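Biologist: Please give me a close look at one part of this protein, the annotated site and the strands that carry it. Once that part is clear, please set out the other regions you can describe in comparable detail.

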Amino acid sequence: MIRHDDNYINGEWVRAGSEDFRQLTNPATEEVYGEVRRGTAEDVDRAVAAAQGALDAWSQTDPADRAATLHAMADIMERRADEITASVVREIGMPVTRAKTASTGVSISDLRHFADALPDVVWEEKVGDSTVRRMAAGVVGAIGAWNGPMRSVSLKVGAAIAAGCTVVVKPSEVAPLTPHFLASVAEEAGVPAGVVNFVNGSGSIVGEAITAHPGVDMVSITGSVGAGARVMEVAARRVKRVALELGGKSANIVLEDADLEEAVRSGIDDAFRNSGQACGALTRLLVPRARLAEAEQLAGETADSFIIGDPTAPRTQLGPLANADQYESVRGHISRALDAGVKLITGGLDHPAGLDRGYYVRSTVFSGTNSDRLAQEEVFGPVVIIIPFDDEDEAIRIANDSEFGLAGGVWAGDREHARRVASRIRTGRVRINGTPIDMRAPHGGFKLSGIGREMGRYGIEDYLEYQAQHG
Ligand code: NAP
């Protein structure tokens, strides 16, 4: 059993204030393997005081020195990559081969991207005789999600400290151990005391305390719409800036002249990464009506080909869902879709064969319409719905007919054509013909998907304020 008692505050590991513990369960085995002592509002007070105390000196450091610090942190993470990967596999059941790249590897490269982007920030410019400077927004509250326990935190910490801010982090209670590596990496890299602080605990106590705290200037949260809206509401009382990275229900449009087979296979791959527990997953597959039957067959075959099972096995592609609540929630979505008569292509409620324990759900494909509840709600599991369209305008209308606006995909024979369609989709990013995401480009959403952008220079700029100096 792992027992984790400490918060990281002002450069020291200090025992959290409550006698209350959060138990950690391995989603692949359903065995409890650890517990984490919860923090309190008083712990948040101490962490915020430390962050306030460190702010003036850190915000005045040379950006080149902050870049060197970020590279030093990335170097340490590289050295400790195997430990960090093993932790995320145990905490949320992310398959190890994927975790190496999509969790640990990308978190390392994000830190390097922030370092490399620092020279591109326009720190000072002239407007007439005045000088406009960019300054650190101040003390940042950073609240992480469980589906990307390291990355949802490292994107915030990396960008905030690049900007010259100091940070108080609350990791998700579901997966708090993986993000704690970042605190220990910051310590080892010599990040000054108080610049990065971690407080464990629940959203309702520690998250609320951070958000409401008068010493916190800005709050950035990755999570559900409900939690994001609550943060915005509480932050509004003190007119704080917020950055909200929330959910999605993204559409993948496969136009008439696209390579249907490649588009469907790539789209299902995208939708099922991290067992579908990915905010930008392309979970609505939009295909020409004339090719619906072909798309259904291809999608079903692709879904069935996923190797599901033990996340520690290198060949596994689909692990368990991250926790019992998520397992019940995803099964609820599937069950409601079945009750509503949405056509099931493959998957469904049966437990995957040969897996007696663990929160496993079969890779599932439905075929229906955009007005099905399944097409409107974020499922956050390995579930895709195929939706037919009659012409391009209808495809765009369906893609935009969502409360969310996080991501999307367009497939066309001609890339320029795909780009024209993409520019009519109201989401924060669109992948053209399956092109991988460049992690230096901005990530974030329209509509219920949030406010603000993470990654690269855009991520840093979210943590900056303008100051106009006249004279
Ligand atoms: P969640 O349940 O909303 O929790 C997110 C974080 O908010 C957790 O740390 C949670 O604390 C905290 N929280 C809850 N209530 C709070 C409150 N009143 N005040 C302050 N903090 C509070 O979300 P999740 O289940 O961890 O993550 C899944 C969601 O995140 C999905 O909707 C997904 O799409 C979204 N997501 C978005 C992005 C993006 O970049 N747009 C990336 C990844 C995930 P606890 O520890 O108590 O849970």
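Modeller: The answer begins with the annotated residue and its strand, and then moves on to other strands, sheets and a loop.

This is a predicted model, in which local features need pLDDT of at least 70 and side-chain atom pairs count only at pLDDT 80 or more, while totals for chains, interfaces and linings use all residues. Residues are numbered from 1 along each chain as its sequence is written, and side-chain values use heavy atoms, with hydrogens and water left out.

The unreviewed UniProt entry lists Glu245 under "active site". UniProt positions appear here in the numbering of this model, feature names are shortened, and annotations may be inferred rather than shown by experiment. The same kind of record, an unreviewed entry, places the annotation "domain: Aldehyde dehydrogenase" on residues 13-467. In the model, that span of residues 13-467 is 41% helix and 20% strand, and its end C-alpha atoms lie 36 Å apart. Helices (H or I, at least four residues) and strands (E, at least two) are DSSP runs, numbered from the N terminus.

Glutamate 245 belongs to strand β12. With a relative accessible area of 4%, glutamate 245 is buried; buried means under 20% relative accessible area, exposed over 50%, and partly exposed in between (1.4 Å probe, protein chains only). Residues up to four places away in sequence aside, glutamate 245 touches Lys156, Ile221, Thr222, Gly223, His443, Gly444, Ser449, Gly452, Arg453 and Glu454. Contact here means heavy atoms within 4.5 Å.

Strand β12 (residues 241-245) runs parallel to β11, and 5 bridges join the two. Two strands count as paired if DSSP finds at least two bridges between them. Within this pairing, isoleucine 221 stands opposite leucine 244 in β12. From β11 the chain passes through helix α8 (residues 225-236) to β12, and this β-α-β crossover is right-handed. Right-handed means that, with the strands pointing away from the viewer, the path from the first strand over the helix to the second runs clockwise.

What is the accessibility of β11 itself? Strand β11 (residues 218-222) is mostly covered, with 5 of its 5 residues buried. Met218, Ser220 and Thr222 point one way from β11, whereas Val219 and Ile221 point the other way, and all are buried. Strand β11 also pairs with strand β8 (residues 139-143), in the parallel sense and over 4 bridges. There, glycine 141 stands opposite valine 219 in β11.

A second region is an open sheet of 3 strands in the order β6-β7-β23, with antiparallel pairing. Its edges are β6 (124-127) and β23 (464-469); each has a single partner strand, so one side of each is left without a neighbour in the sheet. Neighbouring strands of this sheet are turned by 30 degrees against each other on average, direction ignored. Strands β7 and β23 run antiparallel and are joined by 6 bridges; alanine 136 has leucine 464 as its bridge partner in β23.

Threonine 131 lies in this sheet's strand β7 (residues 130-136). Threonine 131 counts as buried, at 11% relative accessibility. Its side chain and that of lysine 126 are joined by a polar contact of 3.0 Å. A polar contact is a pair of N or O atoms within 3.5 Å; within protein, one must be able to donate a hydrogen and the other to accept it, and residues adjacent in sequence count only if both atoms are side-chain atoms. Beyond its neighbours within four places in sequence, threonine 131 is in contact with Glu124, Glu125, Lys126, Gln467, Ala468 and Gln469.

The last region is the loop between α2 (63-79) and α3 (81-92), where arginine 80 is found. Arginine 80 is buried, with a relative accessible area of 16%. The side chain of arginine 80 makes polar contacts with the side chain of glutamate 83 (3.0 Å) and with the side chain of serine 184 (2.6 Å). Not counting residues up to four places away in sequence, arginine 80 touches Phe181, Ser184 and Glu188.

Technical notes: Axes are lines fitted to C-alpha atoms, for helices over the stretch in contact, and angles run from 0 to 180 degrees between N-to-C directions.
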